[in-house]
Amino acid sequence: MAPVPRTDVLLAVFGGPHRTDLVSTTFRLAHALLDRGATLQVWTCGDATGLTRRSLGDSKPRNVVDWTRDHPSTAAVARGLIADHPGRLHWYVCRFCSDERGMGDQIPEVRRRPPFTFHEHTQAAGKALTLGVC
Amino acid sequence: MTELLLVQSDDPAHSPGGERFVEDALHLAAAGHHTSLFLVDNAVFAALPGALPRVDEFLGAGGHVLVDAFSAQQRSLTPDDLLARARTVEMDDLAARLLDPQTKVVWH
């Protein structure tokens, strides 16, 4: 198994992603960090593992009040971020949580990891933040 | 000087843990630490005047209150609606602080 790359920051996304602004805040913070040249890991657990499941496709369902606009899915946003920052953004998905929720089929840009490896990711990060648990 | 950065994401007025988190910030500031409280998502409501007395106490103790501009705009809050000593900042401000080796950060 490939070693965990050293990064400036780890964002551990543990909360229910659509209960609050967690998704947009995570993406905004990731954007801001990457814009500053940082290296970053994102680790999703629980329901947040669904953010990058393959079945989401590239777009959200059409918005009835904005019929012609394409709204990218969270999977597409994550894929774009990873592609735009090669070698600087690493996205990991908890294997147990995604399997438990039937969301093991993930986009190829992310890596699924067993939960007991989480400590390796915290050790590989300069700073680690846990988002979504209050 | 080390900055202690506490990021609050839930409205502390409606979550006991959130209010205790602000209390932690207050204690740190009162103890003389350079302490900042970054309010994001629903926590921006804590920067409304009178919303949470602990925030006023925190400012009185020398703490700094930072309000995420996007979260405030999403809730139709303008800087004029917020505590005069609260500073509205972009997410880039948080990123810069996070990447500063002198900053220790906790997210709640």
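In chain A, five strands form an open sheet. Their order is 4-3-2-1-5, and the pairing is parallel. Strand 4 (111-113) and strand 5 (125-131) of chain A are the edge strands, and each pairs on one side only. From one strand to the next, the twist averages 25 degrees. The model described here is predicted.

Strand 3 (residues 89-94) of chain A runs parallel to strand 4 of chain A, and three bridges join the two. A:C94 takes part in this pairing: its bridge partner in strand 4 of chain A is A:R113. Strands of a sheet pair through backbone hydrogen bonds, either parallel or antiparallel.

Helix 1 (residues 22-35) of chain A lies across strand 1, strand 2 (40-44), strand 3 and strand 5 of chain A. Relative to strand 1 of chain A, this helix runs at about 175 degrees.

A:R6 belongs to the segment before strand 1 (7-13) of chain A. A:R6 counts as exposed because it has 11 C-beta neighbours inside 10 Å, and the cut-off for exposed is 12 or fewer. In sequence, A:R6 and A:C97 are 91 residues apart. In space, the C-alpha atoms of A:R6 and A:C97 are 24 Å apart.

Chain A also touches chain B. The contact takes 17 residues from chain A and 20 residues from chain B. On the side of chain A that touches chain B, the elements that give two or more residues are strand 1, helix 1 and strand 5 of chain A. Helix 1 of chain A gives the most, with six residues. By residue type, this side of chain A divides into eight nonpolar, three polar and six charged residues.

In chain B, strand 3 (residues 64-68) and strand 4 pair in the parallel sense, over four bridges. Within this pairing, B:R87 in strand 4 of chain B is the bridge partner of B:L66. Helix 3 (residues 69-74) of chain B joins strand 3 and strand 4 of chain B in making a β-α-β unit, which is right-handed.

Strand 4 (residues 86-89) of chain B has side chains that alternate along its length. B:A86 and B:T88 point to one face and are buried. B:R87 and B:V89 point to the other face and are not buried. In a regular strand, side chains alternate in this way between the two faces of the sheet. B:R87, the bridge partner of B:L66, is thus placed on the face whose residues in this strand are not buried.

Notes. Residues numbered from 1 in each chain as written. Chains lettered and ligands numbered in written order. Predicted model: local features only at pLDDT ≥ 70, side-chain atom pairs only at ≥ 80, totals over all residues. Buried ≥ 20, exposed ≤ 12 C-beta atoms within 10 Å, placed from the backbone. Pairing = 2+ DSSP bridges. Right-handed = clockwise from strand over helix to strand, strands pointing away. Axes fitted to C-alpha atoms, helices over the stretch in contact; angles between N-to-C directions. Contact = placed C-beta atoms within 7 Å. Nonpolar A, V, L, I, M, F, W, Y, C, P; charged D, E, K, R; others polar.
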